[in-house]
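Hi,

Here is the structure I said I would pass on. Have a look at it first, and then read on for my notes.

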Amino acid sequence: PKSFLFEGQYGGAYSIRSVQSVFKKAMRKANINKTIGIHGLGHSYATHLIESGADIRSFQDLLGHHALKTTQIYTHVTDVSKSKVKSPLDDL
């Protein structure tokens, strides 16, 4: 594609409704019964980036955020990432 990751049948962007429809059909086929939308998919992607150690500036660029404050919303500490932190006191 030249401008969009997924282009419509005649080029250009898919409509919001088309993307939502494709996403919901894919969830049904995969037997995923959670109530989640496209925004949730982006949030999941962001959480995985943080948990894999992506730095905040790269993360900001990948998400297409202009303001760092917007990106910081995703930097909440998850239970998985907390469990990976080793305290220096553990070795005493």
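Let me begin with one residue: Val19 counts as partly exposed, because its relative accessibility is 35%, which falls between the 20% limit for buried and the 50% limit for exposed. Val19 sits in helix 1, which covers residues 16–29. On the surface, Val19 belongs to a nonpolar patch along with Leu5, Phe6, Tyr14, Ile38 and Leu41. Together those residues put about 610 Å² of accessible area on show.

Before going further, please keep in mind that this is a predicted model.

Now for the overall picture. The protein has five helices and zero strands, so if you walk along from the N terminus you read α-α-α-α-α, with helices being DSSP runs of at least four residues. There are 92 residues, and 15% of them count as buried. The accessible surface adds up to about 7,700 Å², with 58% of that belonging to carbon and sulfur atoms. As for contacts with a separation of 6 or more, 25% are between residues 24 or more positions apart.

Between helix 1 and helix 2 there is a loop, and Asn31 is found there. What is the phi of Asn31, which is not a glycine? It is positive, at about 55 degrees. As background, most residues other than glycine have a negative phi. Asn31 is also exposed, because its relative accessible area is 63%, over the 50% cut-off.

Next comes helix 2, residues 38–51. Its 14 residues reach 20 Å from the first C-alpha to the last, close to the 20 Å expected at 1.5 Å a residue. Which residues of helix 2 are buried? They are Gly40, Ala46, Thr47 and Leu49, and helix 3 is included in what covers them. Ser44 is in helix 2 as well, but it counts as partly exposed, because its relative accessibility is 31%. Try finding Tyr74 from there: Ser44 and Tyr74 are 30 residues apart along the chain, and their C-alpha atoms are separated by 9.4 Å. After helix 2 comes Gly53, with a positive phi near 95 degrees.

Helix 3 spans residues 56–63, and at its start a side-chain oxygen of Asp55 comes to within 3.2 Å of the backbone nitrogen of Arg57. Following helix 3 is Gly64, which has a positive phi, near 75 degrees.

The residue to look at inside helix 3 is Gln60. Is Gln60 buried or exposed? Gln60 is buried, because its relative accessible area is 9%, under the 20% cut-off. And what does Gln60 touch, leaving aside residues up to four places away in sequence? The list is His65, His66, Ala67, Leu68 and Thr71. With His66 there is also a polar pair to look for: a polar atom of the Gln60 side chain lies 3.1 Å from the backbone oxygen of His66.

If you want a route through the model, start with the patch that includes Val19 and Ile38, go on to the buried residues of helix 2, among them Leu49, and finish at Gln60 in helix 3.

Cheers

Notes. Residues numbered from 1 in each chain as written. Predicted model: local features only at pLDDT ≥ 70, side-chain atom pairs only at ≥ 80, totals over all residues. Heavy atoms only, no water. Polar contact = N/O pair within 3.5 Å; in protein donor to acceptor, adjacent residues only side chain to side chain. Helix = DSSP H or I, 4+ residues; strand = E, 2+ residues; numbered from the N terminus. Buried < 20%, exposed > 50% of the residue type's maximum accessible area, 1.4 Å probe, protein only. Contact = heavy atoms within 4.5 Å. Areas by Shrake-Rupley, 256 points an atom, 1.4 Å probe, with all protein chains shown as cover. Patch = residues over 30% accessible without salt bridge, like charges linked within 9 Å, V, L, I, M, F, W, Y side chains within 5 Å. Salt bridge = Lys/Arg side-chain N within 4 Å of Asp/Glu carboxyl O. Expected span 1.5 Å × (residues − 1).
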